Amino acid sequence: MDNIAGQKSSLTWAVHFSVIVLVLLWLLPTLGLFVSSFRSADQIASTGWWKSLFAQEQNVVIRAEKPDQQKLIDGLYVIEGNLFAQDGAVEGDVSVWGTSSKDISAYAAGETADLGEKGRLTVEVNGDYRFVNDTEFAGSRGQRVFLTATTPPSFSFTNYKHVLSKDSGTSSMSKAFFNTLTVSIPSTIIPILIAAFAAYALAWMDFPGRALLIAFVVGLLVVPLQLALIPLLKLHLQVGIGKGYLGVWLAHTGFGLPLAIYLLRNYMVGLPKDIIENARVDGATEFQIFVKIILPLSFPALASFAIFQFLWTWNDLLVALVFLIDSSGDTTVMTRQIVELLGSRGGNWEILATAAFVSISVPLCVFFAMQKYLVRGLLAGSVK
Amino acid sequence: MHPAIQGLLTIIIGVSACIGYFYFSNIFLDKVLFPARGRHAGRNINRANMVRPWLFLFPALAALSLYLAYPVFETLRLSLTDRRLDGAFVGLDNYRQMFSEQKFWEALRNNFLWLLVVPALSTTFGLLVAQLTDRIKWGAVAKSIIFMPMAISFVGASVIWKLVYDARPEGADQIGMLNAVYIFMGGDTSHTWLTIPFWNNFFLMAVLIWIQTGFAMVILSAALRGVPEETIEAAIVDGANPFQIFFKIKMPQIVGTIVVVWTTITITVLKVFDIVFAMTNGQWETQVLANYMYDKLFRASDWGVGSAAAMIIMLLVSPILVWNVRNARKEMK
């Protein structure tokens, strides 16, 4: 045992370290997009998001006001103003500054530089400057000032306002948001009921062919839905459903059923036999047993499946592309909008990041709120 | 009518139709068709009980048959016909045409690459995380974070990773993490990673591995916890080091679960569509079967070849299908 006890500390450190590395690998990509969604387009394009979390040092060149702005105050010619206000793009605190590109950190903030016959220049921390001269300033261009400014992290909700506002022609994300909701809620609720009844029959009723049916369901569990696209689209067009919400609800119901039946059956089989048999002896009908005993007891499995189905329908792109979105584009969903943005505005990260995060936020909330059921469902649902 | 109201109505109609169907069909069965009274009460009860399972199963079976079973055969039929010839039977022509296309072979090669790499790495990472987080205090938080991408859509993940792979011209500040790290490590210049043929496949795979590792971790960590404590204690007493315990004691006991995780991820990989569709759309030699099929179906409107491609996906899935069904039947016995 000694050798193990001796190794333990170094091994424990290695474990902690590797887990930290893995967690960072998994977290940073998402964090990057999240942080970016609060930055302006310029900020995203000019620096990496990781730098935005800290105050940044920037070297900038800003020209003071032109000589024609000078005023005569008490016999002195003065040009005054704020360098940051002048530039508009940069903000922050001046640490050092200079007037020549050769020595950009010649003076500290608050110091006065004597430029000889050109005048005396003072630059304060907040960017206020005062340029004084005994004689009139000449020339047509303002004095160049080289600044080293420290910019504090700055974040805003501007992107979200822009993306979600109705009148911005950019993306109509808010409409897509409600469309996605319209697709996913009925597609989650309807299959649950159908599947629950079937699962009960497969779990607790004895009839010939039951084993075969279970095998049928297990088989369908892995059938790629790609196969269903053309035949069902043709069918929908023939019977007049066409492309629309009804079609997508039906499709999601059909595609979700194998997992629903499989999950619920696995769970129901494990319910105590005594309860069901007692109820039968007491004269309860199968329907009553199902509604009053099985359904309430199966709540965890129902919740697991509901989460799966909700995540799947909310995140889906392919089924919506095929069965829902017509040429008018009124019924577009968020995943589709984001793909559009990726194609047409591949460089507009502020819009893309924000749109993606609007779409991701709902599943993430569901995930963190219901993680327990999700894990339980995964454990029950993987074919053993 | 506003779609939201329409949706609400559908929920109400759908749910009440379901409940109504089950409730009234049961009443009909018990009270009208086979009433449990009179001369044949006993026989009627038995008959009712024979019919009832099918009442419970009917809606589900109907939906399953129509939405999953029927399309398999219909797609097979479509793959043997030509749409332009009014659906005339053309034998294997669609397949022949598909096999002559460069893009198809590229898609098939990439799919095999995905099949090799993604399940292997997802399972390995999942196992690694499951084992490492088992004993540490903040393991639950770590697991939660690694599990999180499961909730993110493939499209959302594509955007997330596109930012990671973003490239700026040489000299400019890199805003993509990969290029920033690459240059920090002494790399010469920034690369647009997604346009480098062959290797870009692996950058796309990273997205799916990132998503699927959480799944593998959850299942494998449950399996690891199920390994009997006595076997581990016995190994410690015998002087096994932690690595021996992991590889020689724990691994052999969870092999079954590893296979399950592997095959489940394999199925996901075969259907991968969104990631390629959103990130490269099959350009720069990143085509995969599912996206190739979508291209044929909805861009080229060639239903015959599209169906043939779908059948190839089905063919690749079918060994797992058979294996799953056999296992399920074994378990029931």
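**Exercise 1. In which loop of chain A does A:Ser37 lie? Work out its surroundings too.**

Keep in mind that this is a predicted model.

*Step 1.* Start with the chain trace: A:Ser37 sits in the loop that runs between helix H1 (2–36) and helix H2 (41–46) of chain A.

*Step 2.* Now check accessibility. A residue is called buried when its relative accessible area is under 20%. A:Ser37 has 0% relative accessibility, so it counts as buried.

*Step 3.* Look at what surrounds the residue. Leaving out residues up to four places away in sequence, A:Ser37 touches A:Ser156, A:Asn159, A:Tyr160, A:Ala353 and A:Thr354.

*Step 4.* Finally, follow the side chain. That of A:Ser37 reaches the backbone oxygen of A:Phe34 at 2.7 Å.

**Exercise 2. Describe how chain B and chain A meet.**

*Step 1.* Count the residues involved: chain B puts in 105 residues and chain A puts in 108 residues.

*Step 2.* Get the area. The two chains bury about 9800 Å² between them, and 82% of that is on carbon and sulfur atoms. On the chain B side, B:Phe56, B:Tyr67 and B:Leu68 supply 8% of the area buried against chain A, more than any other three residues.

*Step 3.* Ask which element of chain B gives the largest share of the side touching chain A. That's helix H2 (residues 41–78) of chain B, with 21 residues.

*Step 4.* Sort that side of chain B by class: 79 residues are nonpolar, 15 are polar and eleven are charged.

*Step 5.* Look for specific pairs across the interface. Between chain B and chain A there are zero salt bridges, while seven residue pairs are in polar contact.

**Exercise 3. Find the largest nonpolar core and look around one of its best-connected residues.**

*Step 1.* The largest nonpolar core has 214 residues. A:Met268, A:Phe323 and B:Trp114 have the most contacts inside it.

*Step 2.* Helix H5 (residues 173–204) of chain A gives this core its largest share, 17 residues.

*Step 3.* Zoom in on A:Met268. Setting aside neighbours within four places in sequence, A:Met268 is in contact with several residues, including A:Ala196, A:Ala199, A:Tyr200, A:Ala203 and A:Trp204. A:Phe290, A:Ile294 and A:Ser298 are also among its contacts.

*Step 4.* Don't stop there: a second, separate core has 18 residues, among them A:Ile62, A:Leu121, A:Val145 and A:Ala149.

**Exercise 4. Take three of the salt bridges and say where each partner sits and whether it is buried or partly exposed.**

*Step 1.* Over all chains, the structure holds five salt bridges.

*Step 2.* In the pair A:Glu80 and A:Arg130, the closest N and O atoms are 2.9 Å apart. A:Glu80 is in strand S3 (residues 76–82) and A:Arg130 in strand S8 (residues 128–133) of chain A, so distant parts of the chain, 50 residues apart, are linked. With a relative accessible area of 42%, A:Glu80 is partly exposed; A:Arg130, at 35%, is partly exposed as well.

*Step 3.* A:Arg336 and A:Glu340 meet at 3.3 Å, N to O. Both lie in helix H13 (residues 334–344) of chain A, four residues apart, about one turn of the helix. A:Arg336 is partly exposed at 22%, and A:Glu340 is partly exposed at 41%.

*Step 4.* B:Glu101 pairs with B:Lys296 at 3.2 Å between the closest N and O atoms. B:Glu101 is in the loop between helix H3 (93–99) and helix H4 (102–132) of chain B, and B:Lys296 is in helix H13 (residues 289–299) of chain B, so this bridge ties together parts 195 residues apart in sequence. Here both partners, B:Glu101 and B:Lys296, are buried.

Methods:
Residues are numbered from 1 along each chain as its sequence is written. Chains are lettered from A and ligands numbered from 1 in the order in which they are written. This is a predicted model: local features need pLDDT of at least 70, side-chain atom pairs count only at pLDDT 80 or more; totals for chains, interfaces and linings use all residues. Side-chain values use heavy atoms; hydrogens and water are left out. Contact means heavy atoms within 4.5 Å. Buried area is the accessible area (1.4 Å probe) that two parts lose on being put together, summed over both. A salt bridge is a side-chain nitrogen of Lys or Arg within 4 Å of a carboxyl oxygen of Asp or Glu. A polar contact is a pair of N or O atoms within 3.5 Å; within protein, one must be able to donate a hydrogen and the other to accept it, and residues adjacent in sequence count only if both atoms are side-chain atoms. Helices (H or I, at least four residues) and strands (E, at least two) are DSSP runs, numbered from the N terminus. Ala, Val, Leu, Ile, Met, Phe, Trp, Tyr, Cys and Pro count as nonpolar, Asp, Glu, Lys and Arg as charged, and the others, Gly among them, as polar. A nonpolar core is a set of buried Ala, Val, Leu, Ile, Met, Phe, Trp, Tyr and Cys residues joined through side-chain atoms within 4.5 Å. Buried means under 20% relative accessible area, exposed over 50%, partly exposed in between (1.4 Å probe, protein chains only).
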